[in-house]
Amino acid sequence: MTYLNKPRACYHNSHHTLQFSSLWQIGETVEAMNKGVDTHLSSLEHYGCSNYIKAGAEGVLQAVLLSLGGLSFRESNDKVVHMEFNVDPADLHRDYQFTNIRYADKTFLNISVIVDESNHAVLHVSSSADNFYGTDAGLAEPVLLSQKTQTFPVKLTKPLTAILYVSDSKKHLDSLRKIVQHVEVPVLAPAQDHRVLARHKHGHSYGGLPAIFWVILALLIVTFHFFLFKMIFSELCKSDSGHYYRRRALS
């Protein structure tokens with residue numbers, strides 16, 4: 001339990017591992033899967049997650065969870081003072097859900113990234129404890145967290161900073177305004193490119209076709225078959241009429 005409560009510099013100032021294709025190779029044999037596990041563990045060790053690895057399976061799961069989202073903790077005097085969600089807003093072109101992120105001893109955080117109908121990423125955050133606070137990249141007034149989800153906008157800063165800060169001290173989050181410097185006033189991050197969203201959702205850049213497309217396509221197919229049936233019926237009628245008149249002429 002001691003190691004789990006001391007994350008140290010696990011993924012401090014590091015990119016989230018979803019960017020590293022070498023970590024997500026499909027292992028078709030036991031040897032390949034073992035190699036993949038070793039690669040993950042070596043990566044976690046390299047990026048400062050040794051305490052989590054020492055904590056065993058639960059610690060490794062926690063480290064992997066942090067690595068996927070570029071989540072990291074900051075410590076002062078051997079105590080965790082806040083957690084950061086470090087990711088470039090431009091990379092938030094899909095939905096994410098990070099559940100049961102361990103903060104200190106008995107507190108767990110849930111963070112979801114949802115791309116809304118306007119293609120903007122939005123953060124949804126909840127906490128198992130009622131004494132935690134969260135604030136966005138613009139370091140606005142901290143919001144008290146609870147088991148009920150709180151929503152935060154994803155803001156773009158220059159230079160890039162964390163898009164979310166969570167702490168059990170409102171005073172600490174307030175003090176970050178003096179520590180984290182922004183060259184420009186943080187603004188709402190731009191909407192995601194619909195072509196990129198479509199590639200992740202549908203495997204191509206054309207996106208999901210709207211319902212009206214299928215309605216029109218169905219009408220065209222029905223209309224085509226109607227005229228085809230009418231044409232065949234007309235030809236059959238002409239053929240029958242020709243045979244009838246020929247029979248009358250012969251008789």
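The following paragraphs lead through a helix, a strand and a surface patch of this predicted model.

Helix α3 covers residues 57-69, and because each residue should add 1.5 Å, its 13 residues should span 18 Å, which agrees with the 19 Å found between the C-alpha atoms at its ends. Within α3 the buried residues are Gly59, Gln62, Ala63, Leu65, Leu66, Ser67 and Gly69. These buried residues pack against two helices, α1 (30-46) and α2 (50-54), and against three strands, β1 (71-76), β2 (79-85) and β3 (96-103). After α3 comes Gly70, which has a positive phi, near 65 degrees.

Strand β2, one of the elements against which α3 packs, also leads to strand β10, with which β2 pairs in the antiparallel sense over three bridges; Phe85 has Leu164 of β10 as its bridge partner. Strand β10 (residues 164-167) is covered on both faces, since Leu164 and Val166 are buried on one side, while Tyr165 and Ser167 are buried on the other. Strand β6 (residues 132-136) likewise runs antiparallel to β10, to which four bridges join it, and here Tyr133 has Ser167 as its bridge partner in β10.

The surface offers another view, in which Ile212, Phe213, Trp214, Val215, Ile216, Leu217, Leu219, Leu220 and Ile221 form a nonpolar patch, with about 860 Å² of accessible area together. Phe213, one of the residues of this patch, lies in helix α6 (residues 211-250). With a relative accessible area of 36%, Phe213 counts as partly exposed, because that class lies between the cut-offs of 20% for buried and 50% for exposed residues.

Technical notes. Residues numbered from 1 in each chain as written. Predicted model: local features only at pLDDT ≥ 70, side-chain atom pairs only at ≥ 80, totals over all residues. Heavy atoms only, no water. Expected span 1.5 Å × (residues − 1). Buried < 20%, exposed > 50% of the residue type's maximum accessible area, 1.4 Å probe, protein only. Contact = heavy atoms within 4.5 Å. Patch = residues over 30% accessible without salt bridge, like charges linked within 9 Å, V, L, I, M, F, W, Y side chains within 5 Å. Areas by Shrake-Rupley, 256 points an atom, 1.4 Å probe, with all protein chains shown as cover. Salt bridge = Lys/Arg side-chain N within 4 Å of Asp/Glu carboxyl O. Pairing = 2+ DSSP bridges.
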